[in-house]
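Trainee: I am new to this structure. Could you pick one part, look at it closely with me, and then lead me on to other places?

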2 protein chains.
Amino acid sequence: MNSFKVKVLSLNKEIEVAEGQDLLQAMIKSGVNIFASCGGKGVCGKCKIKIVNGNFVTKFSQFISEEEKQQNIVLACETQPLSDIVVELLNPIDEIKKLKDVFITSSYFDKHNLEKKLVLDGFDISPIAKMIHLNLPSPSIEDYVSDTDRLVTYVSQQEKLKVIIDDYSVVKTLPEILRVNNWNITVVLVQKYLFPELLYEICEVRKEKRNLYAIAVDVGTTTIVVTLLNITDFKILGSVCSINKQITFGADIITRIVYSEETSGLEMLNQKVLETINELIYYIIAENGVDLRDIYAVVFAGNTTMIHFLLNLPAKYIRREPYVPVVNRPPVTVAKQLGLMINPEARVYCLPLVASYIGGDIVGGVVSCQIDVSDDICVLLDLGTNGEIVVGNKDFLVAAACSCGPAFEGIDISSGMLAVEGAIEDVKIVNGRVDYKVIGNTKPIGICGSGLIGLPAELYKAGIIDRSGKFNKSILEPQLQKRIRQNEIGENEFILVGKEHTGNNRDIVISESDIQNILRSKGAIFHGLHTLLKYLHLSFSDIKKIFICGGFGSYIDIKKAQILGLLPDIEESKFVVAGNTSLLGAILYTLSQSARDRIYKTQQKMTYIDLSSMSMYMNEYSSTLFIPHTDLSLFPNVTKYLSK
Amino acid sequence: MNSFKVKVLSLNKEIEVAEGQDLLQAMIKSGVNIFASCGGKGVCGKCKIKIVNGNFVTKFSQFISEEEKQQNIVLACETQPLSDIVVELLNPIDEIKKLKDVFITSSYFDKHNLEKKLVLDGFDISPIAKMIHLNLPSPSIEDYVSDTDRLVTYVSQQEKLKVIIDDYSVVKTLPEILRVNNWNITVVLVQKYLFPELLYEICEVRKEKRNLYAIAVDVGTTTIVVTLLNITDFKILGSVCSINKQITFGADIITRIVYSEETSGLEMLNQKVLETINELIYYIIAENGVDLRDIYAVVFAGNTTMIHFLLNLPAKYIRREPYVPVVNRPPVTVAKQLGLMINPEARVYCLPLVASYIGGDIVGGVVSCQIDVSDDICVLLDLGTNGEIVVGNKDFLVAAACSCGPAFEGIDISSGMLAVEGAIEDVKIVNGRVDYKVIGNTKPIGICGSGLIGLPAELYKAGIIDRSGKFNKSILEPQLQKRIRQNEIGENEFILVGKEHTGNNRDIVISESDIQNILRSKGAIFHGLHTLLKYLHLSFSDIKKIFICGGFGSYIDIKKAQILGLLPDIEESKFVVAGNTSLLGAILYTLSQSARDRIYKTQQKMTYIDLSSMSMYMNEYSSTLFIPHTDLSLFPNVTKYLSK
């Protein structure tokens, strides 16, 4: 087969392109970090390059203007060279919206001492992909075993693992690479199957050892977080997050499933989530100077619907009784098949799902919080767009779900935002003054989940809103009075920060309907927990620990959340703000075999309870839409505190 | 995605073609049995069709003449419809050279009573692919397990096997197919891995049960034999054979390996063997009216080099000391990846190889002949283009190889041919008259391996040739005298059948150099066996059974083969003409798990001895180039018999 040389100007690098291969594929294979969020399907229009010199053939694209066409600007994924060519990359890293390092957990993981922490918490260290060096004995007339058998035998013996080679492209290159390197080679091993047996596969044989990277992803309905891990020396290199681009097709899961049933709907949702993930990956590997070819594993934790969309699987029956997913333990797949812009041979894993409304995010969360090995009864509250509640310990695990809306992720809230730099994560209103705490200590640009959870308590204590969340007609403090105004649609809103003090020259406000959104969210969660405990014949006092999980921010004021009526009125010491335990679950899955084992065990042990089928749940929900609740006896301490 | 309708005129069938898909792929997927020996790469030019109506786009091809172009004749593999179209198939079955049912074994297998025979010989019945029917319980609010888990769990339980689903295209279609068929479905299971664990994979879920077919192939250096098996009710439907098209690149293995090292050489050899196999498959499934989509497994037995070429693996190091193959236990692959024109998802298996010159054909042969479970010491002689010799029993197995040339397969012999209809399989010369026996009792058109093995003894006994294989100057019988003539290159040849009595109007002859070829072949085999036994400190009398294997024909006269000096001079009752035991090995592998287990055990137990490294072998070879040998004491009975 013929091939052409492609010189990439800005990198001063020369790569090979086989005849008939497109430039994007060739660049990915050669480790040129080019931006193409759709994975090369020609639908995102982001992989623009300029052909400086040489012959080529390209397809018409709506993303290329007439003017760009004149300048030989093309989509790399739609262009094949017809001679040696020179190209210029057009999408430098600065053009991507800069996303700051995001919050993962309050205290669980020390970013720079991951290994120690894992061991301390009882997890073994055995990443899902590993790179090992081998010095094979060379063959002889007496030792004439085949190259493949020689390699597999020695890898199995050295690593004490079941190992196979499955891919003929690896087999085919073996004779040369073994001999050229005088039988000193480096092998990349990935987990091929985790059940019914643990089986590793040799997915690459290379010359020398390099750093090995993996990516852990929390695929939320609203927010997607990507963490880059160095799995050679166990370091978290950083995390970035952004809004799931699927959000244009609906804020909640049900709307998106309805959309997925339209023609090409599923494909569109699949494409959007891949775009989001590819952009985040592109950004974080570029920032850390990591070669995309060194990423050999991606681990996803997400709710059942998100994982179905990610894998391009029909989600139709998730919303139809009896609510059955297509898969619970998704087969391992390959990056190039899924459309991820990393090493094409990287393996893709998903944390296992329990039921249509309890996904791998929750399974991973339970293990991250060590609930699966706890003697005491614990509760996990996951405050995502879908709220999930788990009650249990090492002997039993029961889970339920409720739709609580994206308020805690800062969506559908006037000044809401993700828990990233510039987000207000706590508010205090004292003597008519509004104080706040901003992530990254910069000027604020919005308010994130933790800020929103604390806010109603402060507004209520300051007399700005009543127990139903409505603004009081007469507010005592004149300083506060003047912060109230009507917004464009005639609704009352409270100005938390005037635009003169914000980072984006826009007022940060909270409106009456924002507060109603928050009340609905907290009501769903509290009522779900209350109902589930009743079903299990447990009371709040039986709970020894409550883990509060979600990507809403590092700071949650428990007392304020109790005043809101989100959290039950029990001792503050029983609460643990656990952070993004879904992401943490994905990280643990990436790094530790005992974590993977516990995750699959947890998945099998967990029972899903359908709250919506209980009349108790449906009937009593409305009583939770007050601060803290219509039944004040459920909140004796809060009541006492507020009456003081 | 858009799709177009394609009406196939002769079949009165309508199929769907997705936009961008070529017609050949669409036809294969829809079970239209179209002839395309290259598997759709555009290089064989055989998948010609005529577009009767509709718009299409096609690539230029050297196989389409200007006249054909005018008539809208195109290659299906290079053509995509742009609208609904009507096509006409141009390659009816009659155009393929008709190949008659070929000989597999003398007595081992009763074609119509395979199952009974298998059990009788101690093999269990468990084919490598199976189709099972399931009546799954439908899900409920309490039983909400995912579709995939439900299916895998019930299949595993019912079949008592380790089962997985690995392919997302199967996962994706699951929800609809389960519900449309009210949870009554048929599942096709194939073996995914045979080691380190036995693992089955669900490769298709379909509506109703149909017959399941498999194909067993003996990939010889010279001859390829394809057998079609109904693995639902265990019937051999037929076998066809033809010359391996690689033969244009050399008759022997070494020449082909040298060619494979040239640019595109390996690809060409790979393509040629696939062409041969696809043509044979095409022929036999058409003749039996089998839908190509019902073929779910193909099993190959062949020598190490042939299997490397088939899998497109470099064979370079097979001919270089220390003679190491790339693989001994080739990973299971998929028909569409290899380029076989059957169900694209069919799994492809290869019998395991022992060393560079002992392949799966020999391993399969040992198990077919039950040598691996024998108490007595047995010998297997495989008389292919490469000669292989195995000595052993249930406790040890030693193998050696010798290059004996393709004479026993009828190649490089003036009137040589495969053992198919029209081949002379035995010759008698009595009182100056030449008598012969023809396969199929038709007019002869050539002479096959068994005929060639018997011929020198008859020529020698009639005084036509001397012990060195040269024609005698003076032949006693005048009838025979007039059958001798000089051929075009001035060499003596003996006319066995005048053209007036042949089926192709050509004389059937044997020349002096033909006889030399036969002597070289027999010499290599006999000397190999003799040397190997000496190395093992065994004598001919220690051998309790000798299995004579190969595709040379059903009839071998042991006495004549002893006179030739091919077979050792021991009791005739010790010889078994076993037929094509390589093919038989592939059939056993297809049908029985205990056979597969024994085949892998045999492969691991067998030791390869390199004869060429023994000085004894190289020095004494020339003494075998006489009838029967220079050392007549090795053939006491033959000597006695001839002197009578």
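Mentor: Happy to! One term comes first: a residue is buried when its relative accessible area is under 20%, exposed when it is over 50%, and partly exposed in between, using a 1.4 Å probe and protein chains only. By that rule Val367(A), our part for the close look, counts as buried, because its relative accessibility is 0%.

A word on the background before we go on. This is a predicted model, in which local features need pLDDT of at least 70 and side-chain atom pairs count only at pLDDT 80 or more, while totals for chains, interfaces and linings use all residues, and side-chain values rest on heavy atoms, with hydrogens and water left out. Residues are numbered from 1 along each chain as its sequence is written, and chains are lettered from A and ligands numbered from 1 in the order in which they are written.

Val367(A) is found in helix H10 of chain A, residues 360–368. Helices here are DSSP runs of H or I with at least four residues, strands are runs of E with at least two, and both are numbered from the N terminus. Contact means heavy atoms within 4.5 Å. Leaving aside neighbours within four places in sequence, Val367(A) is in contact with Phe123(A), Asp372(A), Ala595(A), Arg598(A), Ile599(A) and Thr602(A). Val86(A), by comparison, is 281 residues from Val367(A) in sequence and 51 Å away in space, C-alpha to C-alpha.

Glu409(A) is another residue to look at, in the loop between strand S20 (397–403) and strand S21 (423–430) of chain A. Its relative accessibility is 16%, so Glu409(A) counts as buried. Beyond its neighbours within four places in sequence, Glu409(A) touches Thr222(A), Thr223(A), Gly384(A), Thr385(A), Met417(A) and Leu418(A). Its C-alpha is 20 Å from that of Leu274(A), and the two are 135 residues apart in sequence.

For a helix with many buried residues, turn to H11(A), where 11 of the 13 residues are buried. Among them are Gly449(A), Ile453(A), Pro456(A) and Leu459(A). The helix spans residues 449–461 and has a kink of about 30° at Leu455(A), shortly before the proline Pro456(A). The bend at a residue is the angle between axes fitted to the seven residues ending there and the seven starting there. After H11(A) comes Gly463(A), with a positive phi near 75°.

Most residues other than glycine have a negative phi, and most peptide bonds are trans. With that in mind, look at Asn182(B), whose phi is near 55°. Asn182(B) sits in the loop between H5 and strand S10 (184–193) of chain B, and it counts as exposed because its relative accessible area is 56%. Tyr323(B) also has a positive phi, near 60°, and lies in the loop between helix H8 (304–310) and strand S16 (333–334) of chain B. As for cis peptide bonds, one joins Phe195(A) and Pro196(A), with omega about 0°. Pro196(A) belongs to the loop between strand S10 (184–193) and strand S11 (199–206) of chain A. Another cis bond runs from Ile627(A) to Pro628(A), with omega near -10°.

Now for two helices that meet. In chain B, the axes of H4 (residues 147–159) and H5 (residues 168–180) come within 9 Å and cross at roughly 80°. Axes are lines fitted to C-alpha atoms, for helices over the stretch in contact, and angles run from 0 to 180 degrees between N-to-C directions. H4(B) and H5(B) are therefore roughly perpendicular, a label for angles of 65 to 115 degrees, whereas under 35 is roughly parallel, over 145 roughly antiparallel and the rest oblique. The contact is made by Asp147(B), Thr148(B) and Leu151(B) from H4(B), and by Val171(B), Leu174(B), Pro175(B), Leu178(B) and Arg179(B) from H5(B).

Finally, the largest nonpolar core has 156 residues, and Leu151(A), Val187(A), Ile202(A), Phe300(B) and Leu340(B) touch the most other members. Such a core is a set of buried Ala, Val, Leu, Ile, Met, Phe, Trp, Tyr and Cys residues joined through side-chain atoms within 4.5 Å. Helix H7 of chain B (residues 265–287) gives the most to this core, with 10 residues. Apart from this core lies another, of 155 residues, including Leu23(A), Ile215(A), Val152(B) and Val155(B).
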